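Open the model in your viewer and keep the sequence panel visible. The tour below goes from one selection to the next.

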Amino acid sequence: MTTESQIEQSLITKLTDLKYTYRDDIRDKDALEQNFREKFQALNKVNLTDAEFARLRDEIINADVYTAAKTLRERNTFQREDGTPFQYTLVNIKDWCKNEFEVINQLRINTDNSHHRFDVILLINGMPVVQIELKTLEVSPRRAMQQIVDYKNDPGNGYTNTLLCFMQLFVVSNETNTYYFTNNQNQHFAFNADERFLPVYQFAGEDNKKITHLYNFADKFLAKCTLSEMISRYMVLVASEQKLLMMRPYQIYAVKAIVDCIHQNRGNGYIWHTTGSGKTLTSFKASTLLKDNPDIEKCLFVVDRKDLDWHTCEEFNKFQAGCVEENTNTETLVRRMLSDDYADKVIVTTIQKLGLALDENSIRNKFNKQKGKQTYKERLEPLRNKRIVFIFDECHRSQFGENHQAIKEFFPKAQLFGFTGTPIFEENATYKQIDGTVGSFKTTEDIFQKQLHAYTITHAIDDRNVLRFHIDYFGKDIKGKEKPKKGEIPPPEAVIKEILQKHDAATNSRRFNAILATASINNAIEYYDLFKQIQAQRQAEDDSHEPLNIACVFSPPAQALAKEEDNQNATNVADIKQLQEGLPQEKADNEQEPEKKKAALKAIIADYNTKYGTNHSINEYDLYYQDVQQRIKDQKYSNQDYPRKNKIDVIIVVDMLLTGFDSKYLNTLYVDKNLKYHGLIQAFSRTNRILNDTKPYGNILDFRFQEDAVNDAIALFSGEDTTRAKEIWLVDPAPVVIGKLEAAIGKLENFMKAQDLPCAPEEVANLKGDNARGEFINLFKDVQRLKTQLDQYTDLNIEHKTSIEQLLPEDQLRAFRGVYLDTAQRLKAQQDKDDDASPEVQQLDFEFVLFASAVIDYDYIMGLIAKYTQSKPSKQKMTREQLINLLSSSANLMEERDDIAAYINALKAGESLNEKEIRDGYDAFKAVKAARQLAETAEKHGLATEALQAFVDGIMSRMIFDGEQLSDLLAPLELGWKVRTQKELALMEDLVPLLKKLAQGREISGLAAYE
């Protein structure tokens, strides 16, 4: 096997071939700083005194990653000893290619706490900007990332107090597989498998094929000028979040294609990047890069009013503070277009405002003509023959076709670029209008001439940037029918019954939420009322039934609102009219019986206000709509942090939220409307944002049996790989996954048999050695992953469920989950503490999120314990042992499960307690246990219990660990400094777990040094 050292030497040889200078003399901090000083002085044509350089070094080194990244990219000022200001840059920021590129290896930053050696580091002008960690074993990207995070979190590691603070990128490779990710502040660089992990990238070519071998990656990514571009142009500093963001390969190629097309003045073009691939960032980056092109007069980044909601404004302003002002009028747009100010070179506007500026027949323009004033169009005349670039964020909105002609006529030298996730081809260009007539879209190619880059949903699913779909067609194979008859639509009562039956499975016990897409506003109202009736009836019949939280949005009838006379309402009506331009069904529906629809929407908003304690009104509809969107996104918080009563389980819609709305915690779409082609893909794509393994796919329950429409859409939008498209887009049918589960269980059984052990949960404790325990972790994790997938299949029949139960009975699964968590915690502790752990243990990726439950939280367990004590033994649904097994099988309460289990065992048989008494009893139980542990620790280390208790109380009151107070605590022992240091470490080893338990997940500042 090739050793790490051999891979390292081969990489250095490769980099020297790429004209990097190998500096084998730079192995420590002093040599690194001396080299930087030489490069800095040469670049800035200055000679600093030793004192000046020391001061400069201390000024630029910053533990804040974002600030350091800005300093690296900007012109800065330094005051010399004689008081004169001196402007400098750390690298050549005008032409990064002209910097000096060096490679160093085995750098050691020695501090009191850390002796890490870094495999390979790339220097640009003496600044360490890329760290490459090399592995010999197959590496999980998440595990590799965890190791980098661990290095960064080690006290004194050099990332906060040396030139390593300028690190921009981390690369991890085992020669065959290579991954990279950005450096970031701790809040963005924490590895938390439960909910978030940094984006980890693999590089790819323009054709989206992966470039994973280290030496190919070096050729394509680490070549000097390419790396310069990656860092200087294609990393985004997100000011609002103080975060570094790396553009994905396909985003980079799209930006390059647009910029090249403009530089060479090669006409128009479009980018086909699938929904969910970050089109907004790509198009925005392209527009900002044009600021420095002197041939371009203006670049207008055009979005639709429908998409310019507060979330989109927030997203735009992340990339450039203040670039979008809400509710700016057409006058502001015209003024900015005529402005010579550099800040106005890139303008974000809406299709609607652009249309008004170029429409001679608009009310404002007619009024100006009558008054003898210039129209907007006349004022824009000086720009007519200038080169102006228009970039359309989503290029097939309702009004774009009309505006396209007006733009081309008025700006003959304009170049137009469009972004779309769902292009219009000949096949999907015609559509049936609401009034029954047939209309047609212009194809994407008609408008934009040529495709510049494609990244289809097939690519995105292959890359795991979006999820596949699981589609459950209602009525298929029911009562011997292959499928419902053509045009047969189930009544709403049947749909609601099916949703209530399947929602918990589809959404992983309400961890996620869902959209119900209906065919018209009247249908939406009917569904809303029926949900209220049916759920109220079920609650009356069964008080344990927990109803779903239902909300509903559709646009108000503008003509009914217009009758109410007040200025605020006039603005509301104007906003609604603009909003409805992209909502054809709702616009048409609101023409019929507008007063009735207005009354229904008022009642829906009144229910919402009562349920959620809000104060929304139909006259400020946008605020209501924003609140609904935020609650859907706030599903991410646990019920403990954000009570379930504040969340929305199902949102009923007609056209709204089916395009452009993103939430990782929305995983299910119930469909009771006809969808085709781009409309179908857009709607389905609401469900397939990546989160983690608890969300294996987007769930679609289709009540219109649109299998043919799905197949047509897949064929049309799969890009070049049509043969594998269906296989890539759709998850395997249940029998196939059940077969995989059977194979995974078979592997586990064979492994246990090879260890001379039966395949039973209680036998896992008898495994010999960490390598065997690690093998169990990997094998059972595969079993659990497949079980998590099957748990969210909504089309499992009795036969499927029986097969799964026979393969792995629920009680046995629960017990296996419990021993998995015990074993994983033991190995994780070893992994965290012991650098000498075997490579097999170091490589383990535990994925505790697979073992978390959306149901089993603190409140749920306390309620179950109360029910357990109140039931007579003959009527108890769970035994004491089953209750403990349920608790042990979930990762949610890993820190507390031993305490809760001990408390359950301590309860007296036959003593009935309510939930408050259970909670109070548990708190008292924990307090007694903690006091006993503290007394034992004090006795073990020769300390007075009262003194140690006061020390711990002081830490918990301020959530700050103070080293001086620790010295004061040990002072009565009168120890020498060396013995006292050993005593401190021994005491803290026992104290840290107790402090962390008392902190209940909160961070104690300063404690990390002893973990």
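In strand 22, which residue is the bridge partner of alanine 517? It is valine 653. Bear in mind throughout that this is a predicted model.

**Stop 1: strand 22 and its sheet**

Select residues 650–653, which make up strand 22. Val650 and Ile652 point one way from the strand, Ile651 and Val653 point the other way, and all are buried. In a regular strand the side chains alternate between the two faces of the sheet.

Now add residues 513–518, which are strand 20. Strand 20 runs parallel to strand 22, and four bridges join the two. The pair of alanine 517 and valine 653 belongs here. Next add strand 21, residues 550–552. Three bridges join strand 21 to strand 22, again in parallel. Look for isoleucine 550, which stands opposite valine 650 of strand 22.

These strands belong to an open sheet of six, in the order 19-24-23-20-22-21, with parallel pairing. Strand 19 and strand 21 each have a single partner strand, so they stand at the edges and one side of each is left without a neighbour in the sheet. From one strand to the next, the twist averages 20 degrees.

Strands of a sheet pair through backbone hydrogen bonds, either parallel or antiparallel.

**Stop 2: a second open sheet**

Select residues 388–392, strand 14, together with residues 415–420, strand 15. The two run parallel and are joined by four bridges. Click on isoleucine 391: its bridge partner in strand 15 is phenylalanine 417.

Show the rest of this sheet, which is open and has six strands in the order 13-12-14-15-11-18, with parallel pairing. Strand 13 (346–350) and strand 18 (451–455) are the edge strands; each has a single partner strand, so one side of each is left without a neighbour in the sheet. The twist here averages 15 degrees from one strand to the next.

**Stop 3: helix 27**

Select residues 707–717, which form helix 27. Which residues of helix 27 are buried? They are Ala709, Val710, Ala713, Ile714, Leu716 and Phe717. These residues lie on the same side of helix 27 because they cover an arc of only 165 degrees around the axis. An α-helix has 3.6 residues a turn, so residues three or four places apart point the same way.

To see what the buried residues pack against, show strand 11 (269–273), helix 18 (457–462), strand 19 (469–473), helix 26 (677–684) and helix 28 (725–729). Then move just past the end of helix 27 to glycine 719, which takes a positive phi of about 80 degrees.

**Stop 4: a hairpin**

Select strand 2, residues 76–79, and strand 3, residues 85–88. Four bridges join strand 2 to strand 3, and the two run antiparallel. The bridge partner of asparagine 76 is tyrosine 88, in strand 3.

Turn on the side chains of strand 3, which alternate. Phe86 and Tyr88 point to one face and are buried, whereas Pro85 and Gln87 point to the other and are not. Between strand 2 and strand 3 the hairpin has five residues, and glycine 83 takes a positive phi near 90 degrees.

**Stop 5: aromatic rings**

How many aromatic pairs does a search of the whole structure find? The search finds 39. Start with phenylalanine 36 and phenylalanine 40: their ring centres are 5.7 Å apart and their planes are at 55 degrees, so the pair is tilted. Both residues lie in helix 2 (residues 29–44), four residues apart, so about one helical turn separates them. Phenylalanine 36 and phenylalanine 40 are both buried.

Go on to phenylalanine 170 and phenylalanine 181, whose ring centres are 5.8 Å apart with planes at 35 degrees, so this pair is tilted too. Phenylalanine 170 is in strand 7 (residues 169–173) and phenylalanine 181 in strand 8 (residues 178–182), so the pair ties together parts that are 11 residues apart in sequence. Phenylalanine 170 and phenylalanine 181 are both buried.

Then select Tyr180, Tyr201, Phe203, Phe217, Phe221 and Tyr253, which form one aromatic cluster. For the last selection, take lysine 611 and tyrosine 612. The charged end of lysine 611 sits over the ring of tyrosine 612, 5.8 Å from the ring's centre.

How values were computed:
Residues are numbered from 1 along each chain as its sequence is written. This is a predicted model: local features need pLDDT of at least 70, side-chain atom pairs count only at pLDDT 80 or more; totals for chains, interfaces and linings use all residues. Side-chain values use heavy atoms; hydrogens and water are left out. Two strands pair if DSSP finds at least two bridges between them. Axes are lines fitted to C-alpha atoms, for helices over the stretch in contact, and angles run from 0 to 180 degrees between N-to-C directions. Buried means under 20% relative accessible area, exposed over 50%, partly exposed in between (1.4 Å probe, protein chains only). The arc is that of the directions from the helix axis to the C-beta atoms. Contact means heavy atoms within 4.5 Å. Rings of Phe, Tyr and Trp (its six-membered ring) pair if their centres lie within 6.5 Å; planes under 30 degrees apart count as stacked, over 60 as edge-to-face and the rest as tilted. A charge sits over a ring if NZ of Lys or CZ of Arg is within 6 Å of the ring centre and within 35 degrees of the ring normal.
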